[in-house]
Amino acid sequence: MTDIKEEFSSISGQEHGTQHYKNRAKKLKRNRNCTRFLQNAKSFGKKSFFGHGAELEQAEYSYLVTMLEAMSKQKDIEERGLMSNNVLGQLKGKEIRTASNQVGSRVMENLLTYTDEETFAQQMDTFAENFRVVCCDKFASHVLQRMLCIAMLRRVAPLQPDPESEDVLQVKKQKPGQPGKPGRTNDQSMWPCYEHNLKEQYEADHRQKCGEFVERMAKYLINNLEEFAWDATANYVIRQCVLNLSGITEMKNGGDFDDTKHLIVPEKWQKLLQEFCMQLLTWPQFADLAGMELTSVMLQDLLRALAACNDEFMLEQLTTKLLKETFKKTNEKGIKSEEKYDPENEVAPEEDQAHLPKAFTEECVLRVLEVCIVVSSASFLKDKIFAKLFRGHLKQLAQSRMCNFAVQKLIDRTNDKDMMDMIFGELEKSLEDMLRIGHTGVVLALAKACARLSCQQGKFVKQLLDALHCSEATPAKMIMAVLFLIPIDVTPPNAPKIHLHGSLILQAILDFNKPIKFVTALLEMPSDRLVEILCDPRGSFIANAFVKSRFVGEKSREKLVRHLEGQYSQLALGVQGSRVVELMYEAGNPAQRENIVAELAEQCEQLNSKPWGVIINKRLLVDTYKRDPARWKVAIKRDAKVEKMFDKLVPGTKRKAGS
């Protein structure tokens, strides 16, 4: 079902993509940051303080501030190109000193995006002659990182598949978060460089020079790795270079590894990436790298880069050495009790608590382990990481504030039923403890794994209901206990709200092979109570799970549609509820669909008072039904035929309201 915000945009005659609102929020945040930076720069200039870093003369500083202000107002791409070439021409011979100033760095970093071939080539030559200086400068290094990224994009652009090819259309249909999903990177600069440098046409010679710059930079960093790895500024440049060699364009990523955009890169870049890896593997102090913050994040990015290149051999070499020399070392102190348990709960640590490997006692090492879990092969995950690190400690780790996220990642990555059986066997008796201390993510991971692998489903439901003390409760109390993740005999101080993980757990259970207990409970709930759940932003997605589950029968779906009759007008007046109305309409039989529209037609004026109600009106032709039900039947059949035609032309799409 199309997102309500996207549908609302169609009413105003605008055509927006699925990421429009997310990208707009990023743009607004970027503009606010740029405005604040510009205001600070002007303020410093008035106080005769010309920025941090390298000292500039007043005239130079004022010129840069003026250019920065002009850049914040310039929207036209052609004008940006002219401005970039002119300003960098004015700075010729002073590039390194300008880049080493805070304001100069910001200006140059953004100008590089739109420079022409000749100007960009000159900048690459200038910075290549001063690698050591700019790598270790906290402002000039940002310009170097941007230059490295732009050079990579210009070099690899011809290697990317045609956006209109069938392969890319298939990628576009993938769910968010799957590898290869096209989209913008997390570029927060004033003038984002990603799309422009991929789409712009450049000469083959220029693209070759850009590739040579990336390779020259990589070789320089490899030769100076032992020195630069410990420098806070140069370390960032190393990480940027490692990721760029694998086709990853951004350094920081808030989501999972699978959310990252990967570009196709030349094969010889993979050899340079292997050299980075071999250099680290031969270091005498390799065992300590994961325990220090700077080198820990470098290892994490190297693991991500190797996985992006599908270099299974080198990836296994690195993870095996980490396992033997870093992860398996035992810390005699184990996990501290205050880290393991919530201080507000009266749960005492076991006296005979097993000593844990070092991977679970140091946060930097744990972060490297989490990346290893994500990028490792299924066999390595089961036979090495799980067997030698997690097995026998899962209950203790799941109740640790620091380590429970690693347990979640392990469960999410598990695709072996035998391994899942062992994990579940260790955790099944501790669900109540995990809910009590707030580690609901582990319970959710278990629910999703049981649904994905079709195993341990009956035991999970029994243990969950026992943990919530609702095995013998009424249907309404049982459903609310799962949604709130609060036992029914516990009275919270404030009115509870639907827990995000509670909703997701119920959605996962509806995808179990035999969800009849929860299907029946939902159908037996009072309709007004069910409407309250479905109007909640978190609870509304239960309707999606109910309608789309493979194991919820057609009769049960029709019963739910019938159960909500009389409540559709109320649902349609809410943002989330209006989406549920469409789901129920699609799930119902022809007679039920007509009943839904007839009910909405009685409240047509109220419906049109809300933007999402207008969408429902246009999608279901409520106005037409109110005027002439017979005409509505003809019109709705015609629309159904048109939608089928659209599905044949572009599979997986849905027409917008009013199209």
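Contact here means heavy atoms within 4.5 Å.

**Figure 1. Overview of the predicted model, an arrangement of helices without strands.** Residues are numbered from 1 along each chain as its sequence is written, and side-chain values use heavy atoms, with hydrogens and water left out. Because this is a predicted model, local features need pLDDT of at least 70 and side-chain atom pairs count only at pLDDT 80 or more, whereas totals for chains, interfaces and linings use all residues. The protein has 40 helices and 0 strands, where helices (H or I, at least four residues) and strands (E, at least two) are DSSP runs numbered from the N terminus. Of the contacts with a separation of 6 or more, 71% join residues 24 or more positions apart. Of the 659 residues, 51% count as buried, a term that means under 20% relative accessible area, with exposed over 50% and partly exposed in between (1.4 Å probe, protein chains only).

**Figure 2. The packing of helices α15 and α17.** Helix α15 (residues 267-281) and helix α17 (residues 293-308) have axes 11 Å apart and pack at an angle of about 140 degrees; axes are lines fitted to C-alpha atoms, for helices over the stretch in contact, and angles run from 0 to 180 degrees between N-to-C directions. The two helices are therefore oblique to each other, given that angles under 35 degrees count as roughly parallel, over 145 as roughly antiparallel, 65 to 115 as roughly perpendicular and the rest as oblique. From α15, the residues Leu273, Phe276, Cys277 and Leu280 meet Met298, Leu299, Leu302, Ala305 and Leu306 of α17. By class, this contact has 9 nonpolar, no polar and no charged residues, where Ala, Val, Leu, Ile, Met, Phe, Trp, Tyr, Cys and Pro count as nonpolar, Asp, Glu, Lys and Arg as charged, and the others, Gly among them, as polar.

**Figure 3. Helices α23 and α26, with Asn404 in the contact.** The axes of α23 (residues 404-413) and α26 (residues 440-453) come within 9 Å and cross at roughly 5 degrees, and the helices are therefore roughly parallel to each other. In α23, Asn404, Val407, Gln408, Ile411 and Asp412 meet Gly441, Val442, Ala445, Leu446, Ala449 and Arg452 in α26, and these residues divide into 6 nonpolar, 3 polar and 2 charged. Asn404 is buried, with a relative accessible area of 3%, and, not counting residues up to four places away in sequence, touches Leu397, Ala398, His439 and Val442.

**Figure 4. The surroundings of helix α30.** In α30 (residues 516-524), the buried residues are Phe518, Val519, Ala521, Leu522 and Leu523. These buried residues pack against α27 (457-467), α28 (475-484), α29 (500-509), α31 (527-534), α32 (541-548) and α33 (554-563).

**Figure 5. Two spans that UniProt annotates as Pumilio repeats.** The unreviewed UniProt entry places the feature "repeat: Pumilio" at residues 388-425 and 563-598; such annotations may be inferred rather than shown by experiment. Residues 388-425 are 71% helix and 0% strand, with end C-alpha atoms 17 Å apart, while residues 563-598 are 78% helix and 0% strand, with end C-alpha atoms 16 Å apart.

**Figure 6. Thr624 in helix α39.** Thr624, found in α39 (residues 622-627), counts as buried at 14% relative accessibility. Not counting residues up to four places away in sequence, Thr624 touches Pro629, Arg631 and Trp632. The C-alpha atoms of Thr624 and Val597 are separated by 9.9 Å, although these residues are 27 residues apart along the chain.
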